[in-house]
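Reader: I have a structure open in front of me and I'm new to this. Could you show me how to read it, feature by feature?

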Amino acid sequence: MSAPHMPMTNDEGLLECPFCGGNEVYLIVDLVLVSVECEGCCASSGEWGSSETAIRHWNTRNGHLYTADDFNQAAEERDYGL
Ligand SMILES: [Zn+2]
């Protein structure tokens, strides 16, 4: 069974890049400011005061924050062909 494509999070809990689809996404800490940036296309979440906030902004797509539940639900919907 091949793995279907779906948004994945890496070890840091970061979604793949929404622009280039890359998984080379890193948390960048610059003194007190934290941002999430894509190595592939330099997309950035913008700078935030904490890693939690930066991750939350990066993982929010179309106003919706992706969580582990979303991935489980997406997998279920695929199984039922929805
Ligand atoms: Zn990218």
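Reader: In what sense do S1 and S2 pair, and over how many bridges?

Author: Keep in mind that this is a predicted model. In it, S1 and S2 run antiparallel to each other and are paired over six bridges. You can pick out one opposite pair by eye: isoleucine 28 faces serine 35 of S2. The two strands make a hairpin, with two residues between them.

Reader: What should I look for in the turn of that hairpin?

Author: Look at the backbone angle phi. As a general rule, most residues other than glycine have a negative phi. Leucine 31, in the loop between S1 and S2, has a positive phi, near 55 degrees. Leucine 31 also counts as exposed, because 5 C-beta neighbours lie inside 10 Å.

Reader: Which residue in the loop between S2 and H1 can I look at for a positive phi?

Author: Try cysteine 42, which sits in that loop. Its phi is near 65 degrees, again a positive value in a residue that is not glycine. Cysteine 42 has 10 C-beta neighbours inside 10 Å, so it counts as exposed.

Reader: Is serine 44 buried, exposed or partly exposed, and why?

Author: Count the C-beta atoms around it: 20 or more within 10 Å means buried, 12 or fewer means exposed. Serine 44 has 14 other C-beta atoms within 10 Å, so it is partly exposed. Serine 44 belongs to the loop between S2 and H1. Leaving aside neighbours within four places in sequence, its contacts are Ser35, Val36 and Glu37. You can also check a distance: the C-alpha atoms of serine 44 and leucine 27 are 9.8 Å apart, with their positions 17 residues apart along the chain.

Reader: Now the helix. Which residues of H1 are buried?

Author: First, the general idea: an α-helix has 3.6 residues a turn, so residues three or four places apart point the same way. In H1, the buried residues are Ala54, Ile55, Trp58 and Asn59. These lie on the same side of H1, because they cover an arc of only 125 degrees around the axis.

Reader: What covers the buried residues of H1?

Author: The cover includes strands S1, S2, S3 and S4. Take isoleucine 55 as an example: apart from neighbours within four places in sequence, it is in contact with Gly13, Leu14 and Val36.

Reader: How many residues are in the largest nonpolar core, and which are they?

Author: There are ten: Leu14, Leu15, Cys17, Val25, Val34, Val36, Cys38, Ala54, Ile55 and Trp58. Two elements, strand S2 (33-38) and helix H1 (51-59), each give two or more residues to this core. For the chain as a whole, buried residues make up 16% of the 82 residues.

Reader: In what order do the elements of the chain run?

Author: Start at the N terminus and you will read β-β-α-β-β-α. In total there are two helices and four strands.

Reader: Where in the chain is confidence lowest, and where is it highest?

Author: Confidence is lowest in helix H2 (residues 68-79), with a mean pLDDT of 79, and highest in S2, at 96. Over the chain, the mean pLDDT is 86, and 89% of the residues reach 70 or more.

Notes:
Residues are numbered from 1 along each chain as its sequence is written. This is a predicted model: local features need pLDDT of at least 70, side-chain atom pairs count only at pLDDT 80 or more; totals for chains, interfaces and linings use all residues. A nonpolar core is a set of buried Ala, Val, Leu, Ile, Met, Phe, Trp, Tyr and Cys residues joined through C-beta atoms within 7 Å. Two residues are in contact if their C-beta atoms, placed from the backbone, lie within 7 Å. The arc is that of the directions from the helix axis to the C-beta atoms. Two strands pair if DSSP finds at least two bridges between them. pLDDT is the predictor's confidence in each residue, from 0 to 100.
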